[in-house]
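Trainee: I'm new to this one. Can you walk me through it?
Mentor: Sure. Let's pull it up.

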Amino acid sequence: MISTLFISLLVLFVISVPIAVSLGLSSIIALSLKGIPLITLAQSVFESLDSFSLMAVPFFILAGNLMQTGGISKRLINLANVLVGWIKGGLGAVAVLTSMFFATLSGSSSATTAAIGSTLIPAMEKKGYPRNFAAAVCASSGELGVIIPPSISMIVYGLVANVSIGSLFIAGFLPGLLIGLSLILLISIVARIRGFDTVSSFQKSQWLKELWIAFKDSFLALLMPIIILGGIYAGWFTPTEASVVAVVYGFFIGTVVYREIRMKDLMPILIRSTLATSIIMLIVAFASIFAYILTMEQVPHHVGKSIAEFSDSPVVFLILVNLMLFITGMFMETLASIIIIAPILAPVAIQFGIDPVHFGIIMVVNLAVGMVTPPVGVNLFVACQIANIRIDQLARPLVLFLGVLILDVFIISYVPILSTWLPSLLQ
Amino acid sequence: MQFINFVDKFNRILEILAGIAVIVMTLVVFLQVIVRFGLTAIGWDLSVPWTEELARYLMIWVIFIGGAIATRKGKLIAVEALVVALPALPGKLIKFVSHIVSLVFYAIIFTIGLEWAKFGLSETAPVMKFPMVYVYSALVVSAGIMILNTISFLLEIFIKKIDIREASVDEEVEDALAEYKNKGEGVTQ
Amino acid sequence: GCGGSETTQDSANANNSGGDQPKAETIELNLGHTLAPDSHYHAMATKLAELVEQKSNGTIKVTVFPQSQLGGEVKMIQGARTGTVGMLITAQAPLTNTVPEYSLFDLPYLFDSIDQANEVLDGPVGDKFLDMLPEHGMVGLGWLSVMERSVFSNKPIKSAADMKGFKVRVMQSPGYVKAYEALGAQPTPMAYSEVYLSLQQGVVDGADTSPDQFVMDKFVEVSKYFNRTAVHYLPALVVVSKQKWDAMTPDQQKALQEATDEALAYGKDYYKKSFDESLAKAKEAGVEIVDTDLESMKKATQPVYEELLKEIPNGQALFDEVQAAKK
Ligand code: NA
Ligand code: NA
């Protein structure tokens, strides 16, 4: 039964049947074999979608799109440029830092990549960066979009594994910081060796003046994460309510303050966000019936048992998890992977004594690397389109970035305090 | 072709309806925040238990309608690695088979959806007290539109002689690039 | 202590199935519930599985799925009705979507104590409610203990006056919302998984639950007070899918009913013990147990009865029957 379920899923995946359809259809085959009425599928689908917490997904997607249109990204780039643009490899560092800023507003990685790439890839090229290197910078720093809160991946993990989304959000901060800093370090080393993007003149008084102007200009954009995340931790609202506040705030800034969203832009933004949401949520919906069959067949239990028989060491377990998620991430879209894998592995992780919040961060960070690994990686697609290059042209510089990102995954996996310290401060 | 034009107009209407539903969702949930966070602070106690329920049910409709619209351009996320790696003929053939498999799936969902909508007659919404058929019928409606849209998608490919492997649009990439394409920024060769 | 009699029963059944009567087909039932493995739900369910195996001579196999593994209560109820879920333990509230009469138990202060509520439900009134289920595709096998729901919080609730402006997370049933509104509180919809952080951060001032879940779900870590408000007594019952029930032989039905009855008695004792233990544990963890003035609470919530009863089919008559059964 279970082998039929997995084999049919795999075959459907391989022949490029949509992920949502593959999940639903293989479940229908399994239900029929077991003689369970197919209406179970509808029950599972509606139970999974009928969730108030899930509403954070459409709202954070919409907020991200409003922000992208509303002129916030260029102000953030400007600020980052003043802050770190003058160091060696500074513009690459600007890309990373802007990604970190933008990540506090957006729940998605592809949006983050696009928001910074469209301005910074051409700018980097002007400063002597090879174009493929510039694209690799944007693609890899874009993954911070789902690691620094808010994060759609974390919302979905929280729902699937029944972990507090608020705790996951705050747990993502330090890992995000680690990844951001390690990427900046890599870029400045490469810039030093290859001699591009040399230091521009630096005058302290001039710099402070520019910093003040850039800060003033981007103040309202910077205020947003403070309202959203501060609001969650100050007890003003839940993560779901925070997402709707983000929408209202992003709309307000884009239309009233920066005046870059006109009324005629609104419907296209809404429709884009709706489609993006629906496509993700259909996977959530049909994965729920798949997960239901797995539970009925007690698959998580058996997986846990066989891993435990193989080794009782949490380190060995995590190495297996890292490997499996890396391979999955190469071929599969991040959210779909989380939805399918989290219900199987999260209970096992708890058995191994791993904190569920920490495990969530491991999954999100590990699968986020998948957005930058060929053949299937949404950040790569976005960066390549903006840079107007082919994916294979990106391969050489990408190897360096992947090396650093994988190192980060290991650090985040085996140093739990990076993920658990901030949530513990709330107690 | 007239049929495809009609389908596209129909999808356009659905898009706008979904967009409006998202606006209502936003307003309703925002109201809930205002009521608890804002009005309580000024000593005005009010509760709006219907906000959560209404927003949830709207979201369900938006997802099913949005998902159905996405099938018009083959936008549902799929693993394309094999299709791209294979030579043209087997690649195209497999891609075509995958669309037919999807059609079969939508047809099964349509029948399940009918039964489910009927089941909805025997349940009521906990707060707003209307029969759940108003929510549950989203499934059958969505499956119906998916069938219509997938047929249009295949017809269009056939008529315009488009390479079926390249006909699908990756919505997430499109979405991320929408703004950049709008402004025509970026790199040119 | 009943091993002897069961052995005879076993051999009797074995004789039957070996003789001229048609052999009962083995029935597999998935029994789902939403609580943790150390809950009274689970204790009762595992007991039931064990007993029914013996009593049915191995022809009924029950597999227990705790912690919502088969879905939430609404989904499991749907599953029982359509025959995809064999058995479940559910609280009464999620049944109200399907059987509106069950809303009666959403009334605040309908009962005065756990014992009183259990007695009423084990009598003719309880049977009457169980008899409403078959027409909706379910068979009710019996009532587990009601759960006394009180408010845990970061502000003490000494009397109804302390509920003014109190932001409380409760179930979104009208009976719950209206009751807390009548107390001057502000009932807030919120996902259960967000209650912990929300209470910690002050998004809400409190939420309602039973002491055992208060401890099991670690709310002790973020609450200063457990106020014995006892606003609602939430009944719980064991339901079997009518499709599955009808597929059983009379002997199997009898075995399942007997096993359930025994397991329910065991589950009720278990709840009582865990109720007292949980209050002690909460106290140990530094939570202050507040004995709320119930008279003021009852008085404040009384006015909602009329409005709520109007919404329930046969509401007044059912209410009167409960009152009469309370003696
Ligand atoms: Na983010
Ligand atoms: Na990948």
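Trainee: How many residue pairs are in polar contact across the interface of chain C and chain A?
Mentor: The rule finds 5 pairs, with both residues at pLDDT 80 or more. Keep in mind that this is a predicted model.

Trainee: And how many salt bridges between chain C and chain A?
Mentor: The count there is 0.

Trainee: OK. Which elements of chain C touch chain A, counting those that give two or more residues?
Mentor: Strand 2 (60–65), helix 3 (73–82) and helix 7 (195–201) of chain C. Helix 7 of chain C gives the most to that side, with 5 residues.

Trainee: What sort of residues make up that side of chain C?
Mentor: They divide into 8 nonpolar, 15 polar and 3 charged. In total the contact takes 26 residues from chain C and 27 residues from chain A.

Trainee: What area is buried between chain C and chain A?
Mentor: About 2100 Å². Carbon and sulfur atoms give 55% of that.

Trainee: New topic. Which residues touch the most other members in the largest nonpolar core?
Mentor: That core has 327 residues. Phe317(A) and Phe359(A) are on the list from chain A. From chain C come Val62(C), Met87(C), Tyr102(C), Leu104(C) and Leu256(C).

Trainee: Which helix gives the most to this core?
Mentor: Helix 15 of chain A, residues 263–296. Helix 15 puts in 20 residues.

Trainee: Where is there another core?
Mentor: Apart from the largest one lies a core of 6 residues. Among them are Leu103(B), Phe153(B), Leu154(B) and Ile157(B).

Trainee: Back to Tyr102(C). What does Tyr102(C) touch?
Mentor: Leaving out residues up to four places away in sequence, Tyr102(C) touches Gln92(C), Leu95(C), Thr96(C), Phe129(C), Leu130(C), Met132(C), Leu133(C), Trp143(C) and Leu237(C).

Trainee: Now Ser109(A). Buried or exposed?
Mentor: Buried, because its relative accessible area is 2%. Ser109(A) lies in helix 7 of chain A, residues 109–126.

Trainee: Which backbone atoms does the Ser109(A) side chain pair with?
Mentor: The side chain reaches the backbone oxygen of Glu143(A) at 3.3 Å. A polar atom of that side chain also lies 3.5 Å from the backbone nitrogen of Val146(A).

Trainee: What else does Ser109(A) touch?
Mentor: Besides Glu143(A) and Val146(A), Ser109(A) touches Gly142(A), Gly145(A), Met371(A) and Asn379(A). Residues up to four places away in sequence are not counted there.

Definitions and conventions: Residues are numbered from 1 along each chain as its sequence is written. Chains are lettered from A and ligands numbered from 1 in the order in which they are written. This is a predicted model: local features need pLDDT of at least 70, side-chain atom pairs count only at pLDDT 80 or more; totals for chains, interfaces and linings use all residues. Side-chain values use heavy atoms; hydrogens and water are left out. A nonpolar core is a set of buried Ala, Val, Leu, Ile, Met, Phe, Trp, Tyr and Cys residues joined through side-chain atoms within 4.5 Å. Buried means under 20% relative accessible area, exposed over 50%, partly exposed in between (1.4 Å probe, protein chains only). Helices (H or I, at least four residues) and strands (E, at least two) are DSSP runs, numbered from the N terminus. Contact means heavy atoms within 4.5 Å. A polar contact is a pair of N or O atoms within 3.5 Å; within protein, one must be able to donate a hydrogen and the other to accept it, and residues adjacent in sequence count only if both atoms are side-chain atoms. Buried area is the accessible area (1.4 Å probe) that two parts lose on being put together, summed over both. A salt bridge is a side-chain nitrogen of Lys or Arg within 4 Å of a carboxyl oxygen of Asp or Glu. Ala, Val, Leu, Ile, Met, Phe, Trp, Tyr, Cys and Pro count as nonpolar, Asp, Glu, Lys and Arg as charged, and the others, Gly among them, as polar.
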